[in-house]
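Look at the model below with its aromatic rings and helices in mind. The text that follows walks through them.

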Amino acid sequence: MSCLGGFRAVAEREIQRLRALPRKDRGVDYLDGEMVQEAWYDVDKSWDAIHRALTGGKLEYGNSGAPGCWVILGGEVLRGDQEGEEDYIITCKTPGQVRQVDQFLQGLTEEAFRELYFTIDPGAYGFGLSEDDFRYTWSYLADSRPFWHSAAERGLWVLFDVDQ
């Protein structure tokens, strides 16, 4: 399931426009072509391990384990959790959730994330856990902090999207 993912910071009006679309039209063409984005940050394929590390190894939607779960698949699911939507996922985080994620990430140390990463079940993850993969995953998560901080300060919503 690990394909290219990223974050997009947007104003509430863009969320309302996206919600008004039929779910089948909520895709990369709309996000890249129609949606006004205030900022974006790509996480490449690291999103899978980031989510698993922050949610006890599970790759599923839900808001259990907040605020860590909100980084990737937590929040409102706008596409991806219904039959026929397996090709594209979009989750949405409110400005309040964005603030909590920002605070959480500002306090997350490399050592703490290392412990979380190395508890991922390699069988469920589909890849072997390694120092190289840890550094790759941590670098994307740590480097996303300015994005989250800026979005939180500006009261923006954050979308996570990934094509599958």
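The paragraphs below take a helix contact, then the ring pairs, then a buried helix.

This is a predicted model. Start with helices α5 and α7. Helix α5 covers residues 110-117, and helix α7 covers residues 131-143. Their axes come within 11 Å of each other and cross at roughly 125 degrees. Angles over 115 degrees but not over 145 count as oblique. The two helices are therefore oblique to each other. The crossing of α5 past α7 is right-handed. On the α5 side, Glu110, Phe113, Arg114 and Tyr117 make the contact. On the α7 side, the contact residues are Glu131, Asp133, Phe134, Thr137, Trp138 and Leu141. By class, the residues of this contact split into 5 nonpolar, 1 polar and 4 charged.

Now turn to the rings. The structure holds 12 aromatic pairs. One of them joins Phe113 and Trp138. Their ring centres lie 5.6 Å apart, and the planes make an angle of 35 degrees. That angle is not under 30 degrees and not over 60, so the pair counts as tilted rather than stacked or edge-to-face. The pair links distant parts of the chain, since Phe113 sits in α5 and Trp138 in α7, 25 residues apart. Are these two partners buried or exposed? Phe113 has 0% relative accessibility and so counts as buried. Trp138 is buried too, because its relative accessible area of 12% is under the 20% cut-off.

Another pair joins Tyr117 and Phe118. Here the centres are 4.7 Å apart and the planes stand at 90 degrees, an edge-to-face arrangement. What is the accessibility of each partner? Tyr117 is at 0%, so this residue counts as buried. Phe118 is at 34%, so this residue counts as partly exposed. Tyr117 also belongs to the α5 side of the contact with α7.

Ring pairs build a cluster as well. Phe7, Trp47, Phe147, Trp148 and Phe160 are linked in this way. Trp47 leads on to helix α3, where this residue is buried.

Helix α3 spans residues 47-54. How many of its residues are buried? The count is 8 of the 8, so the helix is largely enclosed by the rest of the structure. The buried set includes Ala49, Ile50, Ala53 and Leu54. Asp48, His51 and Arg52 are buried as well. After α3 comes Gly56, with a positive phi near 70 degrees.

Methods:
Residues are numbered from 1 along each chain as its sequence is written. This is a predicted model: local features need pLDDT of at least 70, side-chain atom pairs count only at pLDDT 80 or more; totals for chains, interfaces and linings use all residues. Side-chain values use heavy atoms; hydrogens and water are left out. Rings of Phe, Tyr and Trp (its six-membered ring) pair if their centres lie within 6.5 Å; planes under 30 degrees apart count as stacked, over 60 as edge-to-face and the rest as tilted. Helices (H or I, at least four residues) and strands (E, at least two) are DSSP runs, numbered from the N terminus. Buried means under 20% relative accessible area, exposed over 50%, partly exposed in between (1.4 Å probe, protein chains only). Axes are lines fitted to C-alpha atoms, for helices over the stretch in contact, and angles run from 0 to 180 degrees between N-to-C directions. Angles under 35 degrees count as roughly parallel, over 145 as roughly antiparallel, 65 to 115 as roughly perpendicular and the rest as oblique. A crossing is left-handed if the near helix is turned anticlockwise from the far one by less than a right angle, and right-handed if clockwise. Contact means heavy atoms within 4.5 Å. Ala, Val, Leu, Ile, Met, Phe, Trp, Tyr, Cys and Pro count as nonpolar, Asp, Glu, Lys and Arg as charged, and the others, Gly among them, as polar.
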